[in-house]
Amino acid sequence: MDDATTTLFGLPGLRVIDVHHLDDGTRIVDVVTDDDGARVCPHCGVASTSRKGTAITRPKDLPYGDDRIMVRWNKSRWRCRETGCDRATFTEAIEQIPARARVTGRLRSRIGAAIGDAARSVAEVAAGFGVSWPTAHQAFIDHADALMTEPAPVRVLGIDETRRGKPRWQRCPATGKWVRVDPWDTGFVDLGGSQGLLGQTEGRTAAAVVAWLEAQPPAFRAGVEYVAIDPAGVYAKAVRTQGLLPNATLVVDRFHLVKLANDAVTQVRRKVTWELKDRRGGKADPEWANRKRLLTARERLSDKSFARMWNAMIDEDPSHRILMAYIAKEELRRLLETVEAGGDPHLVRHRLHRFFLWCADSQIPELVTLATTVDTWWPQINAFLETGITNAGTEGYNRLVKAVKRSACGFRNTENSRRRIRFHCTRRQRAAAHQFSC
Ligand SMILES: [Zn+2]
């Protein structure tokens with residue numbers, strides 16, 4: 001075979017000696033080693049001159065053209081004659097096909113990129129390239145690890161919980177008892193910058209948060225100025241751990257507050273349905289049909305849509321508790337907007353007072369709880385609103401996590417799930433950085 005075939009095949013370290021067709025169209029590519037480094041003993045690093053025999057391996061390689069390609073590598077086995085080296089024999093290895101590898105480096109890269117960058121499922125890519133699931137998955141891990149870097153320091157750290165799956169019951173292997181497993185993860189997000197998801201840890205306990213933060217370098221921990229958390233969560237205790245984040249101010253962001261207010265509206269709506277109808281709500285119930293409008297900001301509803309929702313609630317709920325909850329939510333949003341816009345302190349105090357009074361007068365337990373939470377956390381809420389930092393990142397992150405989970409058809413392994421989610425969350429940023437460097 002001439003050099004042109006080897007050049008066309010293009011796998012450094014191998015020379016093509018023959019190509020022929022099988023009846024089914026498969027092309028057999030016979031190659032031999034063309035790399036002096038291949039006969040260097042992996043143990044002592046001395047090149048061997050004592051050939052012991054030959055061996056044939058069939059590493060999987062990239063498809064080329066329409067028909068399947070089968071690479072047959074006729075390689076040598078060498079003896080190590082070096083005194084002091086206890087490696088008796090070894091077979092040849094090249095950079096593209098290290099010892100025991102069954103897939104070429106370039107095919108591994110292609111597989112890793114297909115899973116990582118094209119967001120295809122591991123099973124689909126494995127089948128497409130004719131390799132096993134573990135091989136394809138390992139290729140993705142290597143691809144992702146090479147691209148993912150340690151988080152750079154962040155100014156505003158968001159800590160948020162995400163549910164990994166449905167709660168289920170599992171038998172504890174030690175005690176044999178059934179225990180409820182509530183699979184929650186805690187995510188760490190760069191709210192002030194563009195790094196997206198920085199990391200994830202299993203569980204949503206203070207201990208889990210402390211452990212993740214302690215694993216970060218001191219410069220990272222010292223650089224955090226604000227930590228934004230959900231006021232109902234358990235993260236405050238972790239963040240307040242002495243010396244963990246020496247320069248951080250604990251804040252509560254607007255996203256979490258509006259979410260608490262929306263949750264209160266939903267709880268009240270469900271309770272009213274139960275009291276009126278003694279069952280769960282459904283399509284026939286106006287309060288259920290309007291459930292999304294109730295959670296939509298007033299300014300995002302058309303006047304017609306708002307009037308329809310409002311009138312339906314007045315007719316359906318004689319106690320007016322659903323609308324009272326809706327108004328409480330809108331009052332809170334107005335208050336947050338006023339602070340965020342740098343509104344004058346007098347106006348802020350006035351709106352805060354009006355919100356508290358509305359919740360207290362309603363005598364609806366869910367609204368009283370909401371008001372109590374806002375009261376308790378007001379210094380942290382105010383501190384964050386005044387910085388003008390928005391937490392659009394968290395919302396985006398939660399959406400992204402859900403999208404990636406869907407494309408992966410459910411992860412059984414949490415480590416895999418975390419790698420994949422983090423990889424996707426940082427991908428956009430990497431793409432942007434790449435554009436600038438080219
Ligand atoms: Zn040796």
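Helices here are DSSP runs of H or I with at least four residues, and they are numbered from the N terminus. The exercises below concern a predicted model.

**Exercise 1. Find the helix that holds Asp-3, decide whether Asp-3 is buried or exposed, and name the charged patch to which Asp-3 belongs.**

Step 1. Looking along the chain, we find Asp-3 in helix 1, which covers residues 3-9.

Step 2. A residue counts as exposed when its relative accessible area is over 50%; the value for Asp-3 is 59%, and Asp-3 is therefore exposed.

Step 3. On the surface, Asp-3 gathers with Asp-34, Asp-35, Asp-36 and Glu-95 in a patch of negative charge.

**Exercise 2. Name the residues that gather in a patch of positive charge on the surface, and classify Lys-52 by its accessibility.**

Step 1. The patch of positive charge is made up of Lys-52, Arg-77, Arg-87 and Arg-100.

Step 2. Within this group, Lys-52 can be placed in strand 3, which spans residues 50-57.

Step 3. The relative accessibility of Lys-52 is 47%, and because values between 20% and 50% are called partly exposed, Lys-52 is put in that class.

**Exercise 3. Describe how strand 2 pairs with strand 1 and with strand 4, and explain why strand 2 is said to be largely enclosed.**

Step 1. Begin with strand 1 (residues 14-21), which runs antiparallel to strand 2 and is joined to strand 2 by 7 bridges; one example is Val-16, whose bridge partner in strand 2 is Val-31.

Step 2. Between these two strands, the hairpin has 5 residues, and in this hairpin Gly-25 takes a positive phi near 95°.

Step 3. Turn next to strand 4 (residues 69-79), with which strand 2 pairs in the parallel sense over 6 bridges; here Asp-30 stands opposite Arg-72 of strand 4.

Step 4. Finally, consider burial: 7 of the 7 residues of strand 2 (residues 27-33) are buried, so the strand is largely enclosed by the rest of the structure.

**Exercise 4. State how many salt bridges the structure holds, and work out which helices are tied together by the pair Arg-254 and Glu-337 and by the pair Lys-271 and Glu-366.**

Step 1. Recall that side chains of opposite charge can pair when their charged atoms come close. The structure holds 23 salt bridges.

Step 2. In one of them, the side chains of Arg-254 and Glu-337 meet with an N to O distance of 3.8 Å. Because Arg-254 lies in helix 8 (residues 254-277) and Glu-337 in helix 12 (residues 321-340), this pair ties together parts that are 83 residues apart in sequence. Glu-337 is partly exposed, with a relative accessible area of 28%.

Step 3. In another, the closest N and O atoms of Lys-271 and Glu-366 are 3.1 Å apart. Since Lys-271 belongs to helix 8 and Glu-366 to helix 14 (residues 365-387), the parts that this pair ties together are 95 residues apart in sequence. Lys-271 is partly exposed at 31%, whereas Glu-366 is buried at 15%.

**Exercise 5. Locate the two partners of the salt bridge between Glu-331 and Arg-354, and then list the residues that shared partners join into one network.**

Step 1. Glu-331 and Arg-354 form a salt bridge, and their closest N and O atoms are 3.1 Å apart. The pair links distant parts of the chain, with Glu-331 in helix 12 and Arg-354 in helix 13 (residues 345-362), 23 residues apart.

Step 2. Glu-331 counts as buried at 17% relative accessibility, while Arg-354, at 34%, is partly exposed.

Step 3. Salt bridges with shared partners join Arg-254, Glu-299, Lys-329, Glu-330, Arg-333, Arg-334, Glu-337 and Glu-340 into one network.

Terms used: Residues are numbered from 1 along each chain as its sequence is written. This is a predicted model: local features need pLDDT of at least 70, side-chain atom pairs count only at pLDDT 80 or more; totals for chains, interfaces and linings use all residues. Side-chain values use heavy atoms; hydrogens and water are left out. Patches are made of residues with over 30% relative accessible area and no salt bridge: like charges are joined within 9 Å, nonpolar side chains (Val, Leu, Ile, Met, Phe, Trp, Tyr) within 5 Å. Accessible areas come from the Shrake-Rupley method with a 1.4 Å probe; for residues, only the protein chains shown count as cover. A salt bridge is a side-chain nitrogen of Lys or Arg within 4 Å of a carboxyl oxygen of Asp or Glu. Lys and Arg count as positive and Asp and Glu as negative; His and the chain ends are not counted. The place of a charge is taken as NZ of Lys, CZ of Arg, CG of Asp or CD of Glu. Buried means under 20% relative accessible area, exposed over 50%, partly exposed in between (1.4 Å probe, protein chains only). Two strands pair if DSSP finds at least two bridges between them.
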